[in-house]
Amino acid sequence: MREEKTDYLQKKANEIRKTALSMIYHAQSGHPGGSMSAADIVTALYFDVMNVDPENPGWENRDRFVLSKGHVCPVLYSALILKGYIGQEEIYQLRKQGSRLQGHPDMKKCPGIDISTGSLGQGISCAVGMALAAKRDSKSYMTYVLLGDGECDEGQVWEAAQAANKYHLDNLVVFVDNNRLQNDGFVADIMPSMDLRVKFEAFGFEAIRINGHDMSEILTGTRSMLDSKNGKPKCIVCDTVKGKGVSFMENVASWHGTAPDTNQYKQAMKELGGGFCE
């Protein structure tokens, strides 16, 4: 059953990559690199881990998800489409005037978005607030947040981490999409983040490091964190590849925020298994 589940989730992650890339191609705008690197993490959360209800997106006891690196919203919108929050036809609406699918997540427009994000570092602060509210209201829901490793340049990330430690938020799980690249190049060249697992541990988190493209490791690591009720907030550093799944995008900084042209899109879809080439 475990192998069947991971196979199902890997196929779903591939669907999410194709959907996200199709959205960006049709909009001729967006951020493919980080969307592709985060796809496996987002898939595991929405299609296995999180307790959510697409028919009732505002359900009080749902688990919360915060995309702190809000510019990679195509991967989140793709999960919402495939989960049934919004219709498949909305892949053609990314960044269109009046669309629910803005260039960054908008909680007032799109069902399934728990908080509007975009300014890097602010999402994790909101997630800490959600987790603290759950503790104070004696609610059982979990809060999950996805950070970028480049985003961890922001001092606000570490202020939020300190608060999570102070309030013993073991109902908060932070995923770091550690793809080693940000807008202008390699993180190590722009502002070295050092060992993020060790750094989060120093801020009072229980932290592990996994392969962020191995579905079995993602599930096992997440379950281990959910089972650990020791008063410590949780962090899973996921080693990933920017542009994962498309050969000419992988580990190339210029694909941080560049839409593919028609030939590039067709080649990418071919590598991902086809679809959406109209």
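1. Let's start with the packing around one helix. In this predicted model, the buried residues of helix H9 are covered by neighbours that include helix H1 (2-27) and helix H2 (32-49).

2. Which residues of H9 are buried? Helix H9 spans residues 262-272, and its buried residues are Tyr265, Ala268, Met269 and Leu272. Around the helix axis they cover an arc of only 100°, so they sit on the same side of H9.

3. Now turn to the other face. Pointing away from the buried side of H9 are the exposed residues Asn263 and Lys270. Try finding both in the structure above, then look across the helix to Tyr265 and Met269, two of the residues that are buried.

4. The two ends of H9 deserve a look as well. At the N-terminal end, Asp261 acts as a cap, with a side-chain oxygen 3.2 Å from the backbone nitrogen of Asn263. After H9 comes Gly273, and its phi is positive, near 110°.

5. Finally, a word on the cysteines. How many disulfides does a search of the whole structure find? The search finds zero. Cys73 is in no disulfide: its nearest cysteine sulfur belongs to Cys110 and is 9.4 Å away, whereas a disulfide needs two cysteine sulfur atoms within 2.5 Å. Cys73 counts as buried, with 1% relative accessibility.

6. Cys126 is in no disulfide either, and the nearest cysteine sulfur, from Cys152, is 16 Å away. Is Cys126 buried, exposed or partly exposed? With a relative accessible area of 29%, Cys126 is partly exposed.

Notes. Residues are numbered from 1 along each chain as its sequence is written. This is a predicted model: local features need pLDDT of at least 70, side-chain atom pairs count only at pLDDT 80 or more; totals for chains, interfaces and linings use all residues. Side-chain values use heavy atoms; hydrogens and water are left out. Buried means under 20% relative accessible area, exposed over 50%, partly exposed in between (1.4 Å probe, protein chains only). Helices (H or I, at least four residues) and strands (E, at least two) are DSSP runs, numbered from the N terminus. The arc is that of the directions from the helix axis to the C-beta atoms. Contact means heavy atoms within 4.5 Å. A polar contact is a pair of N or O atoms within 3.5 Å; within protein, one must be able to donate a hydrogen and the other to accept it, and residues adjacent in sequence count only if both atoms are side-chain atoms.
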